[in-house]
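Me: Please take a close look at one of the sheets in this structure, and then place it in the context of other parts of the chain.

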Amino acid sequence: MTSYTAPVAGSHSEEGTFYRNCRAAYVAVFRSSLVNISSKEELCLVLQQAGRNPSRKVLGKYWTPRTTKLNFDDFCEILKKEKPTEESDLIKAFRTIDLNSDGYVTHSELFKVLTSRGEKMSPEEVNRIFSVADTSQNGTGDHSKIGRLVIGQNGILSTPAVSCIIRKIKAIGGIILTASHNPGGPNGDFGIKFNISNGGPAPEAVTDKIFQISKTIEEYAICPDLKVDLTTIGKQQFDLENKFKPFTVEIIDSVESYANMLRNIFDFAALKELLSGQNQLKIRIDAMHGVVGPYVKKILCEELGSPANSAVNCVPLEDFGGHHPDPNLTYAADLVETMKGGEYDFGAAFDGDGDRNMVLGKHGFFVNPSDSVAVIAANIFSIPYFQHTGVRGFARSMPTSGALDNVAKATKITLYETPTGWKFFGNLMDANKLSLCGEESFGTGSDHIREKDGLWAVLAWLSIIAARKQSVEDILKEHWQKYGRNFFTRYDYEEVDSDSASKMMKDLEAMMLDRAFIGQKFSVGDKTYTVERADNFEYSDSVDGSISRNQGLRIIFSDGSRVIFRLSGTGSAGATVRLYIDSYEKDPQKIYQDPQVSLGYNCLESKLIHCL
Ligand SMILES: [Mg+2]
């Protein structure tokens, strides 16, 4: 289950979410949770930030004439006692104002209520709120804002395209039905993703709220006669018995908005020359029967002139042709085999919803995703978009190798290390702090949207090849010569016993956090790793103030090499323990070795396990 999916009932993270929300509200008013509340007005303000609407009576209960200050803990206690207003209460209240029960309140009805009851608002304040809420500009506000749906033709949109379209049309959000990189179809997985108005995955506060609301749904209506024609581009209007006045469904070209965005990011003339001019680069693109097929056909083949046979498996199929649409060496084995033949210079594959990518060079030369984002960072000005925007910062998920860190250090650009999940990158992008980011799990992207973007990554690589006039392998080799190489590998131990796995992690953490662990040496071959730091990774989001704890155990060695353990999915089906090894090598004689043999990963792993 991915992080943007709503939690299941009885989630033990409820308390964590509560404190995260407390902190987010607190730091929205004060600079830190260490600052005290020093007046009744400040208490009111911070309670309002937490979604409460305290009356004078409620405020007087907590701020008596003798109160001089309250701290963050006091604030959390107050929030525990003062429950937030439930959505059902809001709807009930709405219905008391909505006198003729048509699902709308008029300006004058709302004006009367807000200026005459409870904490009274001034007419200016009400007018300002109203100008924002009345999106239809017809003098009414509706509690169910959704009156228009935008759907890709034939129901096809890639995840990056959805992110692009949400931002372009300023939608309040988007729903993506996809199994992402998992096998789909009648006997496979099915997932629902919700993206918010910035185009990115919904943060936990939103998915938690959706889950809370789902518990209070009393009724729902379906329209069995409402038949939408998904094949024809254009607007269709439906009369839903006056409730949504008229309800519009707009079918759009699946590719056009997204392609237009890419045209503004990359130099299409240079890419066309690369793919169809003299000395053309021969590419092999495998869409793995996911949604990205039509995008590949239209952009790489039709527009940039790559021959039609350079793109395969481009027809989206509901069951992905029985394959597993995960772009890695295991599941994209057909592409790897074809690339080994040496006929093609560049290869790429995508996952089912088009956000992940894998890049290969001639003869199947594999580009590790951690290296991929580092190479793009080092050559970032090969992409015209960044020449205009400049580079604000780089980011990687915690388990991703430190290859990007080496580029950030050399170019003096800030590097952010975040927990796994694109929403953390999205927050940094919204705050103008981040331009380029990547994850070891085959995700690469930039601030052009708020999702990882497979085809963007491929065009970024092609731009670098066009600028450097080198093969994929030579680009990597030069990169390693300059920055050193991070040999990276990951092992997943799936469906292990949950209790044993939790105990293993606990024991490991106790050992790691023991002072005696720092300075310990582990030798593999002629290389010795000295422990410099060990912790359980915690991330404090500088933008929304949320804190994510227990993100993984990190053992960091003096040369920047790292070993990371993460535990996930401690459900009834068993847990998964992930082990990541990131070994830094700057000796030019050793950087070309095969990752699986060069470092004796298994050897280091067994030494660590033995140490336990
Ligand atoms: Mg995906």
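**The β3-β7-β6 sheet and other elements**

Reply: In this predicted model, strand β3 and strand β7 (residues 247-252) run parallel and are joined by 5 bridges. Within this pair, Arg148 is placed opposite Thr248 of β7. The two strands belong to an open sheet of 3 strands, ordered β3-β7-β6, in which the pairing is mixed. Its edge strands are β3 (148-152) and β6 (234-238), each of which pairs on one side only. On average, neighbouring strands of this sheet are turned by 20° against each other, direction ignored. As a general point, the strands of a sheet pair through backbone hydrogen bonds, in either a parallel or an antiparallel sense.

Another open sheet has 4 strands in the order β14-β13-β15-β16, and its pairing is also mixed. The edges are occupied by β14 (415-418) and β16 (443-446); each has a single partner strand, so one side of each is left without a neighbour in the sheet. From one strand to the next, the twist averages 15°. Strand β13 (residues 394-397) pairs with β14 in the parallel sense over 4 bridges. Arg396 is the residue that stands opposite Glu417 of β14. A helix accompanies this sheet: α14 (residues 369-378) lies across β13, β15 (436-439) and β16. The direction of α14 is at about 170° to that of β15.

A further strand, β10 (residues 346-350), contains Phe346. Phe346 has 24 other C-beta atoms within 10 Å; because the threshold for a buried residue is 20 or more, Phe346 counts as buried. Leaving aside residues up to four places away in sequence, Phe346 touches Leu281, Ile283, Gly361, Ile465 and Val472. The C-alpha atoms of Phe346 and Lys362 are separated by 5.9 Å, although these residues are 16 apart along the chain.

Helix packing can be described for α1 (residues 14-29) and α2 (residues 40-49), whose axes come within 8 Å and cross at roughly 130°. That angle makes α1 oblique to α2, and the crossing of the two helices is right-handed. On the α1 side, the residues that meet α2 are Ala25, Tyr26, Ala28 and Val29. Their counterparts in α2 are Glu42, Leu45, Val46 and Gln49. The residues of this contact between α1 and α2 comprise 6 nonpolar, 1 polar and 1 charged.

How values were computed:
Residues numbered from 1 in each chain as written. Predicted model: local features only at pLDDT ≥ 70, side-chain atom pairs only at ≥ 80, totals over all residues. Buried ≥ 20, exposed ≤ 12 C-beta atoms within 10 Å, placed from the backbone. Contact = placed C-beta atoms within 7 Å. Axes fitted to C-alpha atoms, helices over the stretch in contact; angles between N-to-C directions. Parallel < 35°, antiparallel > 145°, perpendicular 65-115°, else oblique. Left-handed = near helix turned anticlockwise from the far one by under 90°. Nonpolar A, V, L, I, M, F, W, Y, C, P; charged D, E, K, R; others polar. Pairing = 2+ DSSP bridges.
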